2 protein chains.
Amino acid sequence: MISVNKLVLLGTGLIGGSFALALKRAGLVRHVVGVGRNPENLARALQLRVIDEASHSAATAVQGADLVLLATPVGQMGGLIRDIAPHLADDCVISDAGSTKQDVAALFREHLGARLAQCVPAHPIAGSELSGASAAQYGLYEGRRVVLTPLPESAPAAVARVRALWEACGASVFEMSTGEHDSIFAAVSHVPHLLAFSYMNALLDRSNADACLDFAATGFRDFTRIAGGHPAMWRDITLANRAAILADLKANAARLAQAIELVENADTAGLTDYIERASRARNAWGSC
Amino acid sequence: MISVNKLVLLGTGLIGGSFALALKRAGLVRHVVGVGRNPENLARALQLRVIDEASHSAATAVQGADLVLLATPVGQMGGLIRDIAPHLADDCVISDAGSTKQDVAALFREHLGARLAQCVPAHPIAGSELSGASAAQYGLYEGRRVVLTPLPESAPAAVARVRALWEACGASVFEMSTGEHDSIFAAVSHVPHLLAFSYMNALLDRSNADACLDFAATGFRDFTRIAGGHPAMWRDITLANRAAILADLKANAARLAQAIELVENADTAGLTDYIERASRARNAWGSC
């Protein structure tokens with residue numbers, strides 16, 4: 001039985017709201033309680049039937065729940081997990097939707113040491129430019145990927161349940177360790193963001209920055225799209241996945257230093273190899 | 001009178017072909033000769049009426065021409081300019097479509113020292129994933145920008161003629177010095193390409209590169225799109241604009257080193273400022 005009697009969303013925005021809507025459509029959830037700090041957003045979630053009940057208290061809301069999804073920014077999860085810990089039922093599965101996993105696993109370990117069998121850290125790879133409950137949509141996870149990073153203590157039945165629910169949302173589910181997850185997403189998401197922020201800062205330092213921005217075209221547009229990311233969110237992700245990001249940033253700095261050397265030496269053959277390796281791999285990569 | 005009696009395209013691909021088509025549509029050119037090294041491409045250009053005559057000899061083709069457009073990769077322009085120099089008429093205007101300008105200006109200066117008044121270096125900011133004469137299209141330059149970088153010696157009438165022709169293609173025309181051009185395009189185009197190549201190389205170095213590429217999503221897709229660029233073309237652009245690129249790459253390396261320091265120190269306030277400055281500027285930038 002994977003179906004959920006009482007689902008509690010800690011954080012009632014795009015990510016949690018879309019999960020609730022997909023489960024409702026699949027007929028897999030009876031009652032959804034949305035918790036959040038923004039009364040207008042909660043009212044909107046109720047009005048749109050994303051949730052069936054709104055609450056300002058995580059501790060109260062989770063009582064009697066059989067599934068709790070932490071769907072706030074990772075920075076808010078520690079306090080929430082601490083608050084709900086005394087109120088969780090023995091059959092409640094606790095999962096999350098954070099984009100870093102070692103830190104969330106550590107929070108589970110810190111506050112829910114006796115309930116680690118019930119904890120299943122997860123990362124749905126989906127999003128939108130929009131946010132808030134009004135952006136929630138039934139099909140957000142269709143064809144997308146969800147990574148589960150079970151703890152050694154996670155009960156196989158709890159992992160299987162979370163997997164089945166995400167699959168019911170239309171997602172493909174993968175499993176890996178928290179460390180592997182954070183290493184991969186440092187490389188393909190967090191570090192590209194920091195490189196894009198770095199590039200924008202270097203551009204803004206220029207005395208002709210305005211003229212540059214004026215003549216910037218489609219290559220610039222795509223390369224810097226991720227530089228428009230939300231500062232507090234990306235600061236938190238960076239701090240949350242600091243070790244993996246730092247190692248990867250240093251590897252990037254070394255490769256950049258090599259490019260500088262090739263250019264400085266006008267090394268035609270070396271530049272060709274350097275560019276060809278990158279270009280071949282990028283063109284072989286299946287678009288998404 | 002801006003209209004052209006005999007236009008010679010040295011290089012009969014997307015860029016030159018689209019220029020010819022736009023002028024034909026505007027009724028501003030009587031006869032177009034296409035020069036190129038690929039017989040099949042020239043045959044296709046004739047068949048599609050992009051050109052009216054095909055030639056394998058630049059020296060022969062330019063005789064009697066009143067406009068010559070160099071529209072090959074910049075690496076081939078030196079030989080072509082040398083070859084045509086003895087055969088140019090006194091009223092012929094010589095322009096180009098290269099994406100770097102100091103090096104093209106130097107080639108004009110080297111081979112056409114007596115005809116610098118007739119030379120107008122230019123850079124149409126347009127392109128496509130496609131190439132060759134069969135990709136040429138009437139509207140390629142509509143609403144796009146063209147930068148003219150006149151030499152101190154360029155005759156005002158020659159500059160005005162080139163400007164009017166590009167405007168007739170639907171482009172907005174700007175003028176700046178060759179150095180200003182190369183500095184701006186290093187910053188907003190050439191360096192982003194090298195940063196994207198560098199990032200791809202660092203990613204491919206990883207022992208889990210395949211898993212990374214497997215989980216890479218839309219942020220990666222956009223950030224690395226320009227890493228798929230043509231290796232020989234980007235090697236040549238890099239070498240052609242070496243000084244400006246080198247200075248900008250070094251500024252980027254310094255900004256990246258700062259990011260590494262902020263992450264290493266878990267400097268929350270510093271990271272926030274760093275990301276906010278980038279994000280604000282990117283979001284303020286008008287999309288294109």
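What rotation superposes chain A on chain B? In this predicted model, a turn of 180° does it, with 0.0 Å of shift along the axis and an RMSD of 0.0 Å. The two copies are thus related as by a two-fold rotation axis. If you would like to find that axis on your screen, go to A:Phe223: among the residues of chain A, its C-alpha comes closest to the axis, at 2.1 Å. The same surface serves both copies, since 100% of the contact residues of chain A recur in chain B.

Let us stay with that contact for a moment. Chain A puts 76 residues into it, and chain B puts in 76 residues as well. On the side of chain A that touches chain B, the elements giving two or more residues are helices H7 (178-205), H8 (209-215), H9 (218-224), H10 (231-240), H11 and H12 of chain A. Which of these gives the most? It is H7(A), with 18 residues.

Now step back and look at one chain as a whole. Chain A has 12 helices and nine strands, and its C-alpha trace spans about 70 × 40 × 30 Å along the principal axes. Of its 288 residues, 52% count as buried. Take the contacts in chain A with a separation of 6 or more: 76% of them come from residues 24 or more positions apart.

A good place to begin with the strands is S1 (residues 4-10), which we can follow in chain B. Six of the seven residues of S1(B) are buried, so to speak a mostly covered strand. S1(B) runs parallel to strand S2 (residues 29-35) of chain B, and six bridges join the two. One pair to look for is B:Val4, whose bridge partner in S2(B) is B:Val29. Between these strands the chain passes through helix H1 (residues 14-25) of chain B, and this β-α-β crossover is right-handed. S1(B) also pairs with strand S4 (residues 67-70) of chain B, in the parallel sense and over four bridges. Here B:Leu9 stands opposite B:Leu69.

Back in chain A, helix H4 (residues 77-84) is a nice example of a helix with a buried face. Its residues A:Met77, A:Leu80, A:Ile81 and A:Ile84 are buried. Seen down the axis of H4(A), the buried residues fall within an arc of 95°, so they line one face of the helix. The spacing fits a general rule: an α-helix has 3.6 residues a turn, so residues three or four places apart point the same way. And what do the buried residues of H4(A) pack against? Their partners in chain A are strand S1 (4-10), helix H3 (58-61), strand S4 (67-70), strand S5 (93-96) and helix H5 (102-111).

Further along chain A comes a sheet of three strands. It is open, with the order S7-S8-S9 and mixed pairing. S7 (122-125) and S9 of chain A stand at the edges with a single partner strand each, so one side of each is left without a neighbour in the sheet. From one strand to the next, the twist averages 20°.

The mixed pairing can be traced strand by strand. S7(A) and S8(A) run antiparallel, joined by four bridges, and A:His123 stands opposite A:Val147 in S8(A). Helix H6 of chain A packs on this sheet and touches S7, S8 and S9, its direction making about 170° with that of S8(A). On the other pairing, S8 (residues 145-148) and S9 (residues 172-175) of chain A are parallel over four bridges, with A:Val146 partnered by A:Val173 in S9(A). S8(A), helix H6 (residues 156-168) and S9(A) together make a right-handed β-α-β unit.

Finally, two loop residues of chain A deserve a look at their backbone. A:Arg49 is not a glycine, yet has a positive phi of about 60°. A:Arg49 sits in the loop between helix H2 (39-47) and strand S3 (53-55) of chain A, and counts as exposed, with 11 C-beta neighbours inside 10 Å. A:Ala266, also a residue other than glycine, has a positive phi near 45°. Its loop joins helix H11 (242-264) to helix H12 (268-284) of chain A. Is A:Ala266 buried or exposed? A:Ala266 is exposed, because 12 other C-beta atoms lie within 10 Å and the cut-off for exposed is 12 or fewer.

Key
Residues are numbered from 1 along each chain as its sequence is written. Chains are lettered from A and ligands numbered from 1 in the order in which they are written. This is a predicted model: local features need pLDDT of at least 70, side-chain atom pairs count only at pLDDT 80 or more; totals for chains, interfaces and linings use all residues. Copies are superposed by least squares on the C-alpha atoms of residues with pLDDT of at least 70 in both. Two residues are in contact if their C-beta atoms, placed from the backbone, lie within 7 Å. A residue is buried if 20 or more other C-beta atoms lie within 10 Å of its own, exposed if 12 or fewer, and partly exposed in between; C-beta atoms are placed from the backbone. Two strands pair if DSSP finds at least two bridges between them. A crossover is right-handed if, with the strands pointing away from the viewer, the path from the first strand over the helix to the second runs clockwise. Axes are lines fitted to C-alpha atoms, for helices over the stretch in contact, and angles run from 0 to 180 degrees between N-to-C directions. The arc is that of the directions from the helix axis to the C-beta atoms.
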